Amino acid sequence: MAVFIAGDLRFCECGGGMADCANDRGQQVTLRAVESSGGDMTSNAEYIILVVGSYGAYFRLTKDEVDRRFPCIIVYTPDPVPEEDTISLVRKMKEQLDLPVLAIADSSPRDVAALKMHPRCMRPMNSKDLKLAQHLLEKDAVVKERPQWVEELTLMVETRRKVEVDALSPLGRSFLSNVYFPNKMGEQDWI
């Protein structure tokens, strides 16, 4: 599966050329392409932003050139649950470039916290979402180790509501890239 990348990332392509995601914005990249080239990557970025399942958020971040205003690499996967290749590619980028990964996804714990300010972004949870949230709270060891995640998931279950990233658009076309994201980066307010 391919992901789309914009931002300060360069790597050797298997044909010997150099892929430059800063100049070739929105470049389609596969884990296989990076691995077949030896996987040497370079970047001056300070963050990797993984946008999960929300093309609208990815489009807005790249159109507003967030990757040029902030030293970051924006990675977009259309899958609501990233495939193993996507996870492996982002992990490889994280480890090789020594960068933190920030995820923007529907119903993520941090997005739910935004409900306090933006109730119009709330959407009802369907039974599948509710079962997943309850399963994560009851059985997922990674979630149990993170109190902030437990708190946010508990809020989702209690209210039976979730946040969708695309639901931020009524707050302004560029709200995500000009207000929400810069505030999060400036305050380092993430889980």
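Which residues does Val51 touch, not counting residues up to four places away in sequence? The list runs Ala57, Tyr58, Leu61, Ile74, Val75, Tyr76, Thr77 and Ile104. Contact here means heavy atoms within 4.5 Å.

Before going on, a word on the model. It is predicted, so local features need pLDDT of at least 70 and side-chain atom pairs count only at pLDDT 80 or more, while totals for chains, interfaces and linings use all residues. Residues are numbered from 1 along each chain as its sequence is written, and side-chain values use heavy atoms, with hydrogens and water left out.

**The overall picture**

The chain has nine helices and ten strands. Both are DSSP runs numbered from the N terminus: helices are H or I with at least four residues, strands are E with at least two. Of the 191 residues, 44% count as buried. Buried means under 20% relative accessible area, exposed means over 50%, and partly exposed is in between (1.4 Å probe, protein chains only). Among contacts between residues at least 6 apart in sequence, 73% join residues at least 24 apart.

**Inside the cores**

A nonpolar core is a set of buried Ala, Val, Leu, Ile, Met, Phe, Trp, Tyr and Cys residues joined through side-chain atoms within 4.5 Å. The largest one has 21 residues, and Val51 is among the members that touch the most others, along with Ile49, Leu61, Cys72, Ile74, Leu176 and Phe181. Two or more residues each come from β6 (47-52), α2, β7 (72-77), β8 (101-105) and α9 (175-187). The largest share, five residues, belongs to α9. Another core, of 20 residues, lies apart from this one and includes Phe11, Cys21, Val29 and Ile73.

**Rings in company**

Now for the aromatic residues: the structure holds five aromatic pairs. Rings of Phe, Tyr and Trp (its six-membered ring) pair if their centres lie within 6.5 Å; planes under 30 degrees apart are stacked, over 60 edge-to-face, and the rest tilted. Tyr55 and Tyr58 make a tilted pair, because their ring centres are 6.2 Å apart and their planes stand at 50 degrees. These two sit three residues apart in helix α2 (residues 55-63), so about one helical turn separates them. Both belong to one aromatic cluster with Phe4, Phe59 and Tyr76. As for accessibility, Tyr58 is buried at 5%, whereas Tyr55 is partly exposed at 46%.

**Helix α8 and what flanks it**

Helix α8 (residues 147-159) has 13 residues and spans 18 Å from its first C-alpha to its last, close to the 18 Å expected at 1.5 Å a residue. That expected span is 1.5 Å times one less than the number of residues. Which residues of α8 are buried? They are Glu152, Leu153, Met156 and Val157. These four lie on the same side of α8, because they cover an arc of only 140 degrees around the axis (the arc of the directions from the helix axis to the C-beta atoms). The face turned away from that buried side carries the exposed residues Pro147 and Glu158.

The charged end of Arg146 sits over the ring of Trp149, 5.0 Å from its centre. To count, NZ of Lys or CZ of Arg must be within 6 Å of the ring centre and within 35 degrees of the ring normal.

**Two positive phi angles**

Asp98 and Arg160 both have positive phi without being glycine.

| Residue | Phi | Loop | Relative accessible area |
|---|---|---|---|
| Asp98 | near 55 degrees | between α4 (84-97) and β8 | 66%, exposed |
| Arg160 | about 55 degrees | between α8 and β10 (161-163) | 46%, partly exposed |
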